[in-house]
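Me: Please take a close look at one part of this structure, the helix that carries the nonpolar surface patch, and then set it beside the other sites that can be described.

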Amino acid sequence: SKFLCEGSATFVFLRNVVGPLICMATTPSLAFLLVHVAASWGGDVTKAYAHVAEHGFLNLLQLSTPSLLGDMHTWVLWIGFVAFQVFLMVCLPGKTFFGPATPQGNIPVYKINGFSSYIVTLIAFHLLSMDTPFRLFNAG
């Protein structure tokens, strides 16, 4: 039928809007579900199937998907990480780089300090996860 012919407005809408939205909506829950099956049942999908048969699929999704907004500790760590990265972006030395001009004529200015920021971040992660009074989290 003409309704779903390649090139029709409906086909283009389904391909360019609906398909990507379905992928974006389902991928995070699927990832959490797979991690939950691996962690809780050692990757044994038959145990996951038995759980679904007894309690239903929605119960399995509720078990495997964490709270959307997280807890206060998560937010403090996330905001601290963002603030730390902004601090590194501003304070670490680096050569000045000029990006390509935009159509309006603006030229973005960057400081090339990404690798040093990466190294400092790794060191900070290691120090903040060690068993010291400054320990913020357990890295494993």
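Reply: The account below begins with the patch and then turns to the cysteines, a histidine and a serine.

The model is a predicted one. Helix 4 spans residues 72-91, and Val82 lies within this helix. Val82 is also one of the residues that make a nonpolar surface patch of about 1000 Å². The other contributors are Met72, Trp75, Val76, Trp78, Ile79, Phe81, Val86, Met89 and Val90. Val82 has a relative accessibility of 36% and therefore counts as partly exposed, a class that lies between 20% and 50%.

As to the cysteines, Cys91 has a relative accessible area of 46% and is thus partly exposed. Cys23 is likewise partly exposed, with a relative accessible area of 46%. The structure contains zero disulfides.

Two buried residues may be set beside these sites. His51 belongs to helix 2, which covers residues 45-55. Its relative accessible area is 14%, so His51 is buried, the limit being under 20%. Leaving aside residues up to four places away in sequence, His51 touches Trp41, Gly56, Asn59, Leu60 and Leu63.

Ser129 lies in helix 5, which comprises residues 114-129. Because its relative accessibility is 13%, Ser129 counts as buried. A polar atom of the Ser129 side chain lies 2.9 Å from the backbone oxygen of Phe125.

In summary, Val82 in the patch is partly exposed, whereas His51 and Ser129 are buried.

How values were computed
Residues are numbered from 1 along each chain as its sequence is written. This is a predicted model: local features need pLDDT of at least 70, side-chain atom pairs count only at pLDDT 80 or more; totals for chains, interfaces and linings use all residues. Side-chain values use heavy atoms; hydrogens and water are left out. Helices (H or I, at least four residues) and strands (E, at least two) are DSSP runs, numbered from the N terminus. Buried means under 20% relative accessible area, exposed over 50%, partly exposed in between (1.4 Å probe, protein chains only). A polar contact is a pair of N or O atoms within 3.5 Å; within protein, one must be able to donate a hydrogen and the other to accept it, and residues adjacent in sequence count only if both atoms are side-chain atoms. Patches are made of residues with over 30% relative accessible area and no salt bridge: like charges are joined within 9 Å, nonpolar side chains (Val, Leu, Ile, Met, Phe, Trp, Tyr) within 5 Å. Accessible areas come from the Shrake-Rupley method with a 1.4 Å probe; for residues, only the protein chains shown count as cover. A salt bridge is a side-chain nitrogen of Lys or Arg within 4 Å of a carboxyl oxygen of Asp or Glu. A disulfide is a pair of cysteine sulfur atoms within 2.5 Å. Contact means heavy atoms within 4.5 Å.
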